[in-house]
Amino acid sequence: MSIADLRSGPGPMSCALRSPVRTGERAAPRLLPVVLWPVVDAVTLTVAAFAMGVPGPPGALYVAVVLAVLAADGGQRLRICLRVGDQVPRLALAAAVPALLLVPWTGSGWLAPAGAGALVLARGAGGAGVRAAHRRGLLVESVLIVGAGPVGTRIARALREHPEFGLRPAFLANGPAGDGTPVLGRPQRLGELVVRHRATRVILCAGDTDADLVAIVRDCRPLPADVYLVPRLPELGVAVPQRFLDEVWGVPLVRLRRFAHTRAAVRAKRAFDVVVAGALLVVLAPVLLVLAAAVRLGGGGAALFRQRRVTGAGRSATVVKLRTVPVGAEQGWSVCATDTTALSRWLRGTHFDELPQLGNVLRGEMSVVGPRPERPCYAERFAREIPRYRDRHRVRGGMTGWAQVHGLHGDTSIPERAEFDNRYIENWTPWLDVVVVARTVGIVLTTAMGGGQR
């Protein structure tokens with residue numbers, strides 16, 4: 001199935017829209033995959049702590065710590081395959097280790113085996129209960145399967161023949177054999193179908209030749225649906241931790257990351273920006289004033305230079321920098337050496353000319369870390385010429401970024417910058433921002449002491 005098929009209209013393999021839930025079936029509440037295991041785990045661990053005679057506050061602390069460990073490890077999402085055997089070591093360790101560490105407060109050394117055993121048994125019983133509900137047509141989720149090839153057809157047929165998975169494809173298409181196998185046919189916009197059919201899962205079976213599928217999937221990433229990818233060679237094992245794998249009747253699925261595309265991630269990143277930019281502005285204010293005075297006294301015009309930059313999809317802002325070229329000098333892609341002074345070259349080499357952009361960050365126009373914003377004329381040109389360049393505008397532009405700390409700035413490859421920026425967006429975590437800031441500080445200090453240029 002090619003990407004052209006996804007965007008084309010009706011054809012010989014086109015789909016007839018069907019309700020994602022058949023008569024007699026009951027759809028799963030949207031929050032069920034999110035809250036089921038946390039509720040089961042909290043009740044189970046509380047009962048275990050009470051049975052072991054652990055007092056209230058220490059017992060509550062134990063339950064909270066175990067829930068936090070499971071959440072951080074990805075152990076509280078509701079998997080498609082509810083087999084508990086794969087999860088026993090992780091569940092046992094998550095329940096036992098905090099119990100052993102908290103013995104001075106709980107006063108019970110038996111809480112570790114009791115909590116671990118209770119948690120494993122509760123997960124097993126819970127999984128059996130969910131499978132039984134699925135077989136009775138209860139708690140059914142809507143799933144979109146992208147790819148009408150052999151793997152997609154196999155998954156769709158397995159879901160039809162094994163209702164214990166609790167997944168119902170949202171479309172009915174005439175498969176290659178004309179057997180009515182449920183598969184996803186040719187939607188024009190995958191994101192629209194996720195919303196229309198309240199799909200909670202999307203399974204991608206398309207080959208890696210469908211390069212444009214990346215853009216289509218990115219369009220629906222902020223939506224509340226887990227996206228799974230079938231490995232290119234599903235017959236071979238993959239070096240991916242078991243907690244990140246799922247399965248449909250022997251077909252392995254790799255779940256794509258979602259946190260970086262959620263509202264919680266946006267709020268966390270904004271909080272990071274405010275804290276870091278505010279602290280840097282307070283600490284570096286004297287340095288910034290001295291540099292501004294040096295620029296003003298050195299001639300060439302006002303100390304600050306303002307320029308319109310594209311800082312996101314449909315967003316632009318007036319970015320402020322310390323002036324490094326005289327007023328009236330031509331502003332091309334690069335700066336002519338004859339238009340710069342020793343101070344200007346030092347400022348550009350150390351990136352100290354960008355310190356005023358901390359104000360842009362505090363106003364919410366930029367981030368501390370993100371894709372480097374470009375002028376509108378260049379952003380439009382690159383978007384036309386470079387595949388997936390626009391995708392980097394999914395987040396606010398930044399003062400520094402993953403591309404910059406790898407030396408991709410100035411007269412370097414724009415396609416490579418776009419690749420690094422998009423990889424940063426897809427793999428964002430708060431810790432990654434900390435890493436980028438730390439590497440930037442190291443590069444700036446090394447350059448400042450060595451007198452480097454850019």
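Gly-359 counts as buried in this predicted model, because its relative accessibility of 18% falls under the 20% limit used for that label. Gly-359 sits in helix α12, a stretch that runs over residues 357-362. Along the chain, Gly-359 and Leu-281 are 78 residues apart, yet their C-alpha atoms are separated by just 8.0 Å.

Glu-374 turns up in a loop instead, the one that links β11 (367-369) to α13 (376-385). With a relative accessible area of 11%, Glu-374 is under the 20% cut-off and so is buried too. The side chain of Glu-374 has a partner: a polar contact of 3.4 Å joins it to the side chain of Arg-417.

Zooming out, the protein has 454 residues, and buried ones make up 47% of them. The chain folds into 15 helices and 12 strands. Among contacts with a separation of 6 or more, 76% come from residues that are 24 or more positions apart.

Next come two helix pairs. Two packed helices are described by the angle between their axes and the distance between the axes. For α4 (residues 88-101) and α6 (residues 111-135), the angle is about 150 degrees and the axes are 8 Å apart. That angle is over 145 degrees, so the two helices, α4 and α6, count as roughly antiparallel. The crossing of α4 past α6 is right-handed. On the α4 side, the residues that meet α6 are Val-88, Leu-91, Ala-92, Ala-95, Ala-96, Ala-99 and Leu-100. Facing them in α6 are Leu-111, Ala-112, Gly-115, Ala-116, Leu-119, Val-120 and Arg-123. Sorted by class, this contact of α4 with α6 holds 12 nonpolar residues, one polar and one charged.

The other pair is made of α2 (residues 32-51) and α3 (residues 56-72), which pack at about 145 degrees with their axes 9 Å apart. Here, too, α2 passes α3 in a right-handed crossing. From α2, the contact draws on Pro-38, Asp-41, Ala-42, Leu-45, Thr-46 and Ala-49. These meet Gly-59, Tyr-62, Val-63, Val-66, Leu-67 and Leu-70 of α3. Nine of the residues in the contact of α2 with α3 are nonpolar, two are polar and one is charged.

How values were computed
Residues are numbered from 1 along each chain as its sequence is written. This is a predicted model: local features need pLDDT of at least 70, side-chain atom pairs count only at pLDDT 80 or more; totals for chains, interfaces and linings use all residues. Side-chain values use heavy atoms; hydrogens and water are left out. Helices (H or I, at least four residues) and strands (E, at least two) are DSSP runs, numbered from the N terminus. Buried means under 20% relative accessible area, exposed over 50%, partly exposed in between (1.4 Å probe, protein chains only). A polar contact is a pair of N or O atoms within 3.5 Å; within protein, one must be able to donate a hydrogen and the other to accept it, and residues adjacent in sequence count only if both atoms are side-chain atoms. Axes are lines fitted to C-alpha atoms, for helices over the stretch in contact, and angles run from 0 to 180 degrees between N-to-C directions. A crossing is left-handed if the near helix is turned anticlockwise from the far one by less than a right angle, and right-handed if clockwise. Contact means heavy atoms within 4.5 Å. Ala, Val, Leu, Ile, Met, Phe, Trp, Tyr, Cys and Pro count as nonpolar, Asp, Glu, Lys and Arg as charged, and the others, Gly among them, as polar. Angles under 35 degrees count as roughly parallel, over 145 as roughly antiparallel, 65 to 115 as roughly perpendicular and the rest as oblique.
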